Amino acid sequence: MLDDMPSVRKLSAIMFVDAVGFSEAVAKDERAGLQAMQSAREDRIEPAVRRHSGTVLKWLGDGAMALFPTVTACLSAACEMQSIEGELALR
């Protein structure tokens with residue numbers, strides 16, 4: 001039965017991004033660390049993912065998993081996120 005169905009393939013690229021030093025920042029000042037992560041999410045991660053046709057699949061504490069239609073879009077979003085200054089560095 002499955003052999004009769006046409007095969008559909010979709011190329012995608014998956015990005016995992018997280019904040020460098022987030023645990024230390026929260027240990028020093030929990031409120032400030034959480035605010036810095038929220039700012040990174042709203043000002044850097046989400047806009048870059050959207051601008052490059054991506055979708056955030058899941059938030060994972062101080063990071064995220066995002067899906068992009070091409071490797072080029074994924075890399076462009078990553079470079080953009082890292083080029084914008086913020087309290088937390090992203091990797």
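Two strands count as paired if DSSP finds at least two bridges between them. In this predicted model, strand 1 and strand 4 are joined by 2 bridges and run antiparallel, with A19 and L90 in strand 4 as bridge partners. The sheet to which they belong is open, has 4 strands in the order 2-3-1-4, and pairs in the antiparallel sense. Helix 2 and helix 3 pack against this sheet, and the structure holds 3 salt bridges.

**Sheet**

- Strands of a sheet pair through backbone hydrogen bonds, and the pairing may be parallel or antiparallel.
- In this open sheet of 4 strands the pairing is antiparallel, and the order reads 2-3-1-4.
- The edges are taken by strand 2 (55-60) and strand 4 (89-90); each has a single partner strand, so one side of each is left without a neighbour in the sheet.
- Strand 2 pairs with strand 3 (residues 63-68) over 5 bridges, in the antiparallel sense.
- Within this part of the sheet, V56 stands opposite A66 of strand 3.
- Strand 3 is also joined to strand 1 by 6 bridges, again with the two strands antiparallel.
- A13 has F68 of strand 3 as its bridge partner.
- On the way to the edge formed by strand 4, strand 1 and strand 4 share 2 bridges, and A19 is matched with L90.

**Helices on the sheet**

- Helix 2 (residues 30-51) lies across strand 1, strand 2, strand 3 and strand 4.
- The direction of helix 2 is at about 155° to strand 2.
- Helix 3 (residues 71-83) also packs on the sheet, where it touches strand 1, strand 3 and strand 4.
- Between the directions of helix 3 and strand 1 the angle is about 15°.

**Salt bridges**

- The structure has 3 salt bridges.
- One of them is formed by the side chains of R91 and D18, with an N to O distance of 2.9 Å.
- This pair links distant parts of the chain, since R91 sits in the segment after strand 4 and D18 in strand 1, 73 residues apart.
- R91 is exposed, at a relative accessible area of 54%, whereas D18 is partly exposed at 23%.
- The side chains of E80 and R51 form another salt bridge, at 2.3 Å from N to O.
- E80 belongs to helix 3 and R51 to helix 2, so this salt bridge ties together parts that are 29 residues apart in sequence.
- Which of the two residues is buried and which is exposed: E80 or R51?
- With a relative accessible area of 18%, E80 is buried because the value is under 20%; R51, at 53%, is exposed because its value is over 50%.
- R41 and E46 also meet through their side chains in a salt bridge, with 3.3 Å from N to O.
- Both ends of that pair are partly exposed: R41 has a relative accessibility of 28%, and E46 has a relative accessible area of 23%.

**Surface patch**

- I14, F16 and L60 make a nonpolar surface patch of about 310 Å².
- F16 is found in strand 1 (residues 13-20).
- Why does F16 count as exposed?
- The relative accessible area of F16 is 56%, and F16 is therefore exposed, as the cut-off is over 50%.

Note on methods: Residues are numbered from 1 along each chain as its sequence is written. This is a predicted model: local features need pLDDT of at least 70, side-chain atom pairs count only at pLDDT 80 or more; totals for chains, interfaces and linings use all residues. Side-chain values use heavy atoms; hydrogens and water are left out. Patches are made of residues with over 30% relative accessible area and no salt bridge: like charges are joined within 9 Å, nonpolar side chains (Val, Leu, Ile, Met, Phe, Trp, Tyr) within 5 Å. Accessible areas come from the Shrake-Rupley method with a 1.4 Å probe; for residues, only the protein chains shown count as cover. A salt bridge is a side-chain nitrogen of Lys or Arg within 4 Å of a carboxyl oxygen of Asp or Glu. Buried means under 20% relative accessible area, exposed over 50%, partly exposed in between (1.4 Å probe, protein chains only). Contact means heavy atoms within 4.5 Å. Axes are lines fitted to C-alpha atoms, for helices over the stretch in contact, and angles run from 0 to 180 degrees between N-to-C directions.
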